[in-house]
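Trainee: I am new to this structure and would like to learn how to read it. Could we go through it together, one feature at a time?

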Amino acid sequence: MSQNILRVPSWRDEPVRGKAAPAGARRLVVLCDIAERDVAVLRGHLPGVSVAQVESRTDGPAAAYEHAATRLLGELQRLLGQPGGGPCRVQVVCHEGTPYGYAGLIGMLRTATQEDPALHGQLIEFTGRPSGEELAEALQAEFGQARDHLRYTEGRRQVRHWAAAPEVTDAPVWKADGVYLITGGAGGVGRLLAADIARHAPAARIVLCGRSEVREPGPWGEYRRVDVTDRTAVAELVGDLVSAYGRLDGIVHAAGVISDDFVIRKSHQDAQRVLAPKAAGLVNLDEATRGLLLDFLAAFSSGAGTHGNAGQADYAAANGFLDAYQAHRAALVAKGERHGRSVSIAWPLWRDGGMSVPAEDVPALTERFGRPLETDTALRALHGALALGTPHLLVKDEKSDVDEEATGAARLRVRVLPRLKELVAETLRLDIARLDAAAPLDSFGIDSLAVTRLNSRFTQWFGALPKTLLYQYPTLHDLAGYLAEQHPEGCLRWLGDSPAPSVAPARPAAPAATRPRPAGTDEPIAIIGLSGRYPDAPTVGAFWDNLRAGRDSVREIPAERWSLDGFYEPDAQRAVRQGASYSKWGAFLDDFARFDAAFFGIAPRDAADMDPQERLFIESAWSALEDAGYTRQRLAEQHASRVGVFAGITKTGFDRHRPRATDGVPPAPRTSFGSLANRVSYLLDLHGPSMPIDTMCSASLTAIHEACEHLRHGACELAVAGGVNLYLHPSTYVELCRSRMLATDGHCRSFGEGGDGFAPGEGVGAVLLKPLSKAEADGDPVHAVILGSAINHGGRSNGYTVPNPRAQAALIREALDRAGVSAADIGYIEAHGTGTRLGDPVEIDGLTQAFGPDAVGTGACALGSAKSNIGHLEAAAGIAGLTKAVLQLRNGEFAPTLHAERPNPDIDFAATPFTLQTSAAPWPRAPSGGARIAGGDCIGGGGADAPGLGAA
């Protein structure tokens, strides 16, 4: 290499320096695999100190490390969330050289320190097995020290340093006929590596693998869809490669995901999702290849694992595990228990690697990690690192080529932000340590009077500014950026670098960035996030387990909802005459009213007055974003918050309750359909369309259709869509019984004999949608793809609630044409299927007419309905059916439709293209090997229909 940018770690002796810890500092000690007797002694020597223990597990190093990292995360959140703040010291103790990689936690500690300077973390390694007294002595000596990564060995205290690596050749290490596996192969770095191997060793066999489905992996090799967190799948992959090619020469583990957020707000689910591909992936690869004669096993780590990085505590910990585990593997190689060099390379950004960052963040990242690497520089560094073979290397190009003019505003913002915090803290009389630059200002209690005072203060440095400035730039981070970019002279005056101004007119804000061109009108839409709660299923995973097992979740109305006395009358005619209900059954959500108002920044009184349907949809929208790996910050930075919200809802009833006042102020329960969508947009600071949709039973599928249309026309870049349904007042049952819509025996017999109505059901679900081309370009996870959809009204039929089969058939044909799909390609229809003797045959008639032009064979397409499991969710029926279809696509299985072993006698399935799926069964792929395709059909009471087509 023309310049040595490789760094290797070393330990240097350094005595303790006489420095006392801050008075009144809070203190936490985290002990990793320390014997109980030594813990007891330690507690005796350090009375009053909070001590947390982490013990290794029997399910492997990755699980043990994940447990340690999430435990440390929880402890950090507890400390940082305590009122009053003040200095805090966290000391993590572990043994050096274990397979559990606890030393990798240094990245999380350094991240927490960067996010809250009042916290100081230390990671202390011991090469031997210190006694409790020795532990207490070392911890007490380090309590006031500034060094944060230390080692005690044979009575010596050492600190970690980084030095330039020895000069080595940067010639490529790829063998001419080698066989190489690259994980994370769907990402930008994986493709660059494959291209480099192909360039230097054209005859080499290159296999890329990843979680995503890649239709065109590129000209360099083959692509396998494998989740590296699945131990069995990894072992099968390695076995297949050895069987096919006779050997495996090298592995580059480049898989990884990010889910950025501050420590105080990060969920454990997010952390586990970030940790798993790195930690479990590496361990699975190592164990699957333990008997192979590898040349190398290289892990792609990040400088965040070494230095920490604000907002990436979990990502730092995940990469720290790679660094620590490779040192352990190198020791196994020395013992003859593994083969090949063990290398973990901590990278800065690759300019062409796919993980892009906003331009204004480049200076700070360059200062911490070195400048982003050009591809050629990065590949030469990789060749050198593999030739060197040191278990842990850091790549840092410290020569700056950052354009000063381009980054001047970003640097000025960094200087202005502390001043801005001081001013806001002073104006609002808040502790400055509690101000989060990324949080909305209104979360700090800022009001119009405070805005007026701040605008008055700004005048002395900036002259006249827009009076709406704090509403246009609602976070300190945004406001500092605006001031630095639009008023640099004023910023310099504020910082004391320039004289005060005369009052001058405000400069106009910079023009908004050019919006991306709309996606093509026929562009498939990717489902990149999926969430839901359904009866007996608090998660989507539990929902699939219930569906596959054929579980019927219908039961009697819970006593806590309302009493059956005076409500239930088993005789249907008498019930209708008396204004009672002849049904006492339904499928209900447990804990539907539980809601963490503080988490969403909603006042408890406001939350109590909100319809629980609104609260559930907020949670589901949040979970869908989490599932896709998106935070509010990422939505803002990557998509300018151009995210739409489309929410299906049809039920009222909550506002009919009049609970007693508990503090002198009477509650005011309310149901607002508009607030269902608008509240999500407000809480997440989203700027796309925000639309509630009530088309009765087709509401949530109509919401998803509208979301797809807005995405295709460029009205937003992502969209949250779904629906919610709760039965909160007995009057809803009475109204349905008056229309004779409910089943008399509580069973929803979709397409089955004896069906006379549906069982009411509850649920909530949401998807996060994005045009497929953009999702693939951004490396988003893709659960399934919406190929096409359509909506219409059936016009006048034989009754207001009776569907029109001809209009339904025409609409399904429209959806097929828009998707470019033949009905013969569809393997499954998730039908409406409300379980009525009239409605079900009419629906099958419409479907059969729609399929007819494509000459689909008799019984070629499976058909079913989730209503037989969870009842009719009305506004949420569409999202429930879509979720079932996605789960079947993902798992390659059909779930059974219940209560239909004997089909509706008015449906001659032998004369239709459909087979009623009444048992669980594998879903075979088409003979062509193409993707599985499912269709969905939702018919709204009153005639509003919404079919759709999806594939995976």
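Mentor: Gladly! Let us begin with a term: a polar contact is a pair of N or O atoms within 3.5 Å, where one must be able to donate a hydrogen and the other to accept it. Here is a case from this model, which is predicted: a polar atom of the Ser-750 side chain lies 2.6 Å from the backbone oxygen of Gly-833.

Trainee: Where is Ser-750 found?

Mentor: Look at the loop between helix H24 (730-738) and strand E21 (763-771); Ser-750 is there.

Trainee: Is Ser-750 buried or exposed?

Mentor: A residue counts as buried when its relative accessible area is under 20%. Ser-750 has a relative accessible area of 0%, so it is buried.

Trainee: Which residues does Ser-750 touch, not counting those up to four places away in sequence?

Mentor: Ser-750 touches Gly-833, Gly-835, Asp-840, Ser-865, Lys-867, Ser-868, Thr-897 and Ala-900. Gly-833 is the residue whose backbone oxygen we met a moment ago.

Trainee: What about helix H24, before that loop: which of its residues are buried?

Mentor: In H24 the buried residues are Ser-731, Thr-732, Tyr-733, Val-734, Leu-736 and Cys-737. Their cover includes helix H18 (572-578) and strand E17 (585-586). After H24 comes Arg-740, with a positive phi near 55 degrees.

Trainee: Could we step back to the whole chain? How many helices and strands are there?

Mentor: The protein chain has 29 helices and 31 strands. It has 952 residues, and 57% of them count as buried. Contacts can also be sorted by separation in sequence: among those between residues at least 6 apart, 76% join residues at least 24 apart.

Trainee: I would like to see one residue with partners elsewhere in the sequence. What would you pick?

Mentor: Try Thr-883, in helix H29 (residues 877-891). Its C-alpha atom is separated by 9.0 Å from that of Trp-544, and the two residues are 339 residues apart along the chain. Beyond its neighbours within four places in sequence, Thr-883 is in contact with Leu-530, Tyr-534, Val-540 and Phe-543. Thr-883 counts as buried because its relative accessibility is 0%.

Trainee: How do I read a pair of packed helices?

Mentor: Two packed helices are described by the angle between their axes and the distance between the axes. Take helix H2 (residues 61-80) and helix H3 (residues 106-115): their axes come within 11 Å and cross at roughly 20 degrees. Angles under 35 degrees count as roughly parallel, and H2 and H3 are therefore roughly parallel to each other. Their crossing is right-handed.

Trainee: Which residues of H2 and H3 make the contact?

Mentor: H2 brings Ala-69, Leu-72, Leu-73 and Leu-76, while H3 brings Met-108, Leu-109 and Ala-112. By class, this contact has seven nonpolar, no polar and no charged residues.

Trainee: How many of the residues of H3 are buried?

Mentor: Seven of its ten residues are buried, so H3 is mostly covered. They are Ile-106, Gly-107, Met-108, Leu-109, Arg-110, Thr-111 and Ala-112. These buried residues pack against several elements, including H2, strand E4 (88-95) and helix H9 (313-334).

Trainee: And how do H2 and helix H7 (residues 268-288) cross?

Mentor: The axes of H2 and H7 come within 9 Å and cross at roughly 150 degrees. Angles over 145 degrees count as roughly antiparallel, and H2 and H7 are therefore roughly antiparallel to each other. The crossing of H2 and H7 is right-handed. Among the residues that meet are Pro-61, Tyr-65 and Glu-66 in H2 and His-268, Leu-275 and Val-283 in H7. By class, the contact of H2 with H7 has ten nonpolar, five polar and one charged.

Trainee: May I try one more pair? How do helix H20 (residues 612-628) and helix H22 (residues 673-684) cross?

Mentor: Their axes come within 9 Å and cross at roughly 45 degrees. H20 and H22 are therefore oblique to each other, and H20 passes H22 in a right-handed crossing. Contact residues include Phe-617, Ala-621 and Trp-622 of H20 and Leu-676, Arg-679 and Leu-683 of H22. The classes in this contact are nine nonpolar, two polar and two charged residues.

Terms used
Residues numbered from 1 in each chain as written. Predicted model: local features only at pLDDT ≥ 70, side-chain atom pairs only at ≥ 80, totals over all residues. Heavy atoms only, no water. Helix = DSSP H or I, 4+ residues; strand = E, 2+ residues; numbered from the N terminus. Buried < 20%, exposed > 50% of the residue type's maximum accessible area, 1.4 Å probe, protein only. Contact = heavy atoms within 4.5 Å. Axes fitted to C-alpha atoms, helices over the stretch in contact; angles between N-to-C directions. Parallel < 35°, antiparallel > 145°, perpendicular 65-115°, else oblique. Left-handed = near helix turned anticlockwise from the far one by under 90°. Nonpolar A, V, L, I, M, F, W, Y, C, P; charged D, E, K, R; others polar.
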